[in-house]
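Here's a quick tour for anyone meeting this structure for the first time. Keep the picture open as you read and look for each part as it comes up.

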Amino acid sequence: MPINDDATLVIGSGNYLTAPTGTDIPADLLVPITPWANVGHTSLEDIFGITSEGGEATVIGTLQNKSLRTKYSARTETMTFTLQQFDTPGLKLYYGANAPILPDGSVGVPTEPEPTVSAFLAIFLDGANYFAFYAPKAEIYRADDLALSDTESLAGLPLGVKPLAYGNNNWTYAVTPLGGGVVATGAVAGTPGSFTPSGATAPANLSALSSVIATPTSAWTTGQRVVLGDASTAHWSGSAWVSGSA
C-alpha cells in the first residue's frame, strides 16, 4: 500500500442527516440537498463511534486438517453519536418514531417504542477533504440512558443507528475512502473512461451522474464506459447517461 498523505483524517466539522429510506447518497457530499435533512447540533466530544455484536470465529476442520477453514457468524453494527437538540424531532429520534405529540405540545414516551427507519448519512470534513458513512436503510433509536449530570456542558441524547440491508443489497452501509474529496464534474469516454478534474471521486451510481458532463457529447462508441462508485458501469448515449457499456 503506497503512502497517501491525503488519506489521513483530522475531523474539523461534520453533520448527520436523514432522508426517506432508499434515498441515494448525494452526488455532492459537501452540499447535500433535499430530501436529506440535518438532525441538528451534536456533541463535540462524543463525535461518532461504531460498536458491533457477533462475528465470532468458528474453526472447521477435517480428520486430515483440524484447522481447514474459519467460519464467521453474522455481525451487526451500531453507529453512535450524541444529539444536542431537545426539540420535537430530536426527542422523537430518541424516544421513538411513534412518540405521540400531546395536546400541550409535549412529547409522550410510548409504552412500545418504534425506531425511526430512514436512510442515514454521516459526513465529516477535514479542510477540502471529506469522509462519510451512508446507509440506505437504518433504524435510529436511543443508544444509552439520558443523564443530565452537570451545569457546565450541553446535555445530550445518545442515539444509535443500526444499518440494515436494503432491497437486494448484499451490504448494509458504505464508507467513502479518503484521498481527494474532489467532486466529479466531467466524464471522458474510454475503456474504461475517467472522471475530471484529476483525482475526482467516481459518482456513487447512475443517478449521481445526472450533473456530470460527458466528453465527447456525441454518443460514445462500442465498449466505452465509466465505472461508478457501486462498481456498475455507464455510458453517454448522446442525450442521457445509460447503464452499462456502449
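## A strand with partners on both sides

Let's start with one matched pair: Phe-81 stands opposite Leu-159, which belongs to strand β9. One thing to keep in mind throughout is that this is a predicted model.

Phe-81 falls within strand β6, residues 75-83, and β6 runs antiparallel to β9, with five bridges between the two. β9 also pairs with β8, the strand made of residues 129-142, again in the antiparallel sense and over five bridges. If you want a spot to look at in that second pairing, find Ala-138, whose bridge partner in β9 is Pro-163. In general, strands of a sheet pair through backbone hydrogen bonds, and they can do so parallel or antiparallel.

How much of β9 is buried? Six of the seven residues in this strand, which spans 157-163, are buried, so it's mostly covered.

## The helix α1

Now find helix α1, at residues 88-95; its buried residues are Gly-90, Leu-91, Leu-93, Tyr-94 and Tyr-95. What covers them? The cover includes some strands you've already met, β6, β8 and β9, along with β7 (116-126).

The two ends of α1 are worth a look too. At the N-terminal end, Asp-87 acts as a cap, with a side-chain oxygen 3.1 Å from the backbone nitrogen of Gly-90. Just after the helix comes Gly-96, which has a positive phi, near 130 degrees.

## A three-strand open sheet

Further along the chain there's an open sheet of three strands, in the order β16-β17-β18, and the pairing is antiparallel. β16 (226-227) and β18 (241-243) are the edge strands: each has a single partner strand, so one side of each has no neighbour in the sheet.

Take a look at how β17 and β18 line up. β17 covers residues 233-236 and pairs with β18 over three antiparallel bridges. One position to check is Ala-234, whose bridge partner in β18 is Ser-243.

## A nonpolar patch on the surface

Last stop: which residues make up the nonpolar surface patch? They're Leu-30, Val-31 and Ile-33, and together they have about 280 Å² of accessible area.

Ile-33 sits in the loop between β1 (13-19) and β2 (37-38). Is Ile-33 buried or exposed? Ile-33 counts as exposed because its relative accessible area is 58%, and the cut-off for exposed is over 50%.

Note on methods
Residues numbered from 1 in each chain as written. Predicted model: local features only at pLDDT ≥ 70, side-chain atom pairs only at ≥ 80, totals over all residues. Heavy atoms only, no water. Buried < 20%, exposed > 50% of the residue type's maximum accessible area, 1.4 Å probe, protein only. Helix = DSSP H or I, 4+ residues; strand = E, 2+ residues; numbered from the N terminus. Pairing = 2+ DSSP bridges. Patch = residues over 30% accessible without salt bridge, like charges linked within 9 Å, V, L, I, M, F, W, Y side chains within 5 Å. Areas by Shrake-Rupley, 256 points an atom, 1.4 Å probe, with all protein chains shown as cover. Salt bridge = Lys/Arg side-chain N within 4 Å of Asp/Glu carboxyl O. Contact = heavy atoms within 4.5 Å. Polar contact = N/O pair within 3.5 Å; in protein donor to acceptor, adjacent residues only side chain to side chain.
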